[in-house]
Amino acid sequence: MTILDGKKVSNDIKDEIAEHVKSMVTKGEKVPHLAAILVGTDGASMTYVNAKVKACQRIGFKSTLIDLPEYTSEEELLEKIHGLNTNNDIDGFIVQLPLPEHIDEQKVLMAVHPDKDVDGFHPTNVGKMALDLPTFLPATPYGILELLERYQVETSGKNVVVMGRSHIVGRPMSILMSQKRKAGDATVTVVHSRSKNLTDITRNADIIVAAIGISEFLTGDMVKEDVVIIDVGITRVPDATKKTGYRLAGDVHFESVSKKASYITPVPGGVGPMTIAMLLKNTLLARERHQQ
């Protein structure tokens, strides 16, 4: 069994981008500039945004964090987005989700200019992705493809089961894995909370992408020997043996599933670090496009 080490691969990607940025500086070119908007004080969101800022510092990107209070109105947030859309110094930006309940998430994502949408969430970019046109791929699915490619996991003709149908992971993952690409060309089945005979489907899978949002849902009896497991989930599970009182768990029961798997991502240290690395890669792409 091989661990798909997202932490190591993400560091490799950051090193590659850092070298590219050094070359840009030498040539006198403008370095990429990533901005992030954070509304409120959600703990996970703050941790994630701070990790993005640190990653930018490490590779030589400029970064800007716009920190807004929880009570920020939808109108005020849309004004901030308009400001970033029209600021030529900003190459790409993200609006950290989830947003407070009084703000329409869809309206906000629609307001981000597609050319600066390095999260790949705008309908224009989602449409381009579905048609296999050049665009910003959503960072988490993009990271999974990169992980499979760098570990040379064979995907062509394989049965892939994607557990979950979210617009952020499940749905784009199913589209990308079915396309003619290096980490793709697969036969894809999407399962969700309404799927019948779920275990029969997962037992037939060569590769499973678990993004169902239920802690340790996928167990060893639901998979076949030599399956490849990509665990997208991350949840705090109570654990009295830990100082914090909890441990981090994915959507996969690691202990039982890892005994059968040929490749598996750990939680943490698997898909999570790859998401940030691919966001940086998208920002570099945005800078290069603006330059052209």
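## Salt bridges

The structure, a predicted model, holds 15 salt bridges. Three of these pairs are described below, followed by a network and by a pocket.

## A pair within helix α1

E19 forms a salt bridge with K22, and the closest N and O atoms of the pair are 3.4 Å apart. Both residues belong to helix α1, which spans residues 6-26. Because E19 and K22 are three residues apart in this helix, about one helical turn separates them.

The two partners fall into separate accessibility classes. E19 has a relative accessibility of 48% and therefore counts as partly exposed, the exposed class being reserved for values over 50%. K22, with a relative accessible area of 52%, is exposed.

## A pair between distant parts of the chain

The side chains of R287 and D91 meet in a salt bridge with an N to O distance of 2.8 Å. This pair links distant parts of the chain, the two residues being 196 residues apart. R287 lies in helix α10 (residues 271-291), whereas D91 is in the loop between α3 (74-85) and β4 (92-95).

Is each partner buried or exposed? R287 has a relative accessibility of 8% and so counts as buried. D91 is likewise buried, with a relative accessible area of 0%. Both values fall under the 20% limit for buried residues.

## The pair R247 and D239

A further salt bridge joins the side chains of R247 and D239, at 3.7 Å from N to O. R247 counts as partly exposed, at 28% relative accessibility. D239 is buried, its relative accessible area being 15%.

## A shared network

Which residues are joined into one network by salt bridges that share partners? The members are K30, K62, D89, D91 and R287. D91 and R287 are thus the buried pair described above, with their side chains in contact at 2.8 Å, N to O.

## The second largest pocket

The second largest pocket has a volume of about 200 Å³. Its lining consists of 14 residues, and E216, R247, L248, A249 and F254 lie nearest the centre. R247 is also the salt-bridge partner of D239.

Two elements, β10 (246-249) and α9 (254-257), each supply at least two residues of the lining. The largest share, three residues, comes from β10. By class, the lining of this pocket has six nonpolar, three polar and five charged residues.

Technical notes: Residues are numbered from 1 along each chain as its sequence is written. This is a predicted model: local features need pLDDT of at least 70, side-chain atom pairs count only at pLDDT 80 or more; totals for chains, interfaces and linings use all residues. Side-chain values use heavy atoms; hydrogens and water are left out. On a 1 Å grid over the protein atoms alone, a cavity is a set of points where a 1.4 Å probe fits but cannot get out, and a pocket is an open set with protein on both sides within 12 Å along at least five of seven lines; lining residues have an atom within 4 Å of a point. Grid points are joined across faces, edges and corners, and a volume is the space filled by probe spheres set on the points. Helices (H or I, at least four residues) and strands (E, at least two) are DSSP runs, numbered from the N terminus. Ala, Val, Leu, Ile, Met, Phe, Trp, Tyr, Cys and Pro count as nonpolar, Asp, Glu, Lys and Arg as charged, and the others, Gly among them, as polar. A salt bridge is a side-chain nitrogen of Lys or Arg within 4 Å of a carboxyl oxygen of Asp or Glu. Buried means under 20% relative accessible area, exposed over 50%, partly exposed in between (1.4 Å probe, protein chains only).
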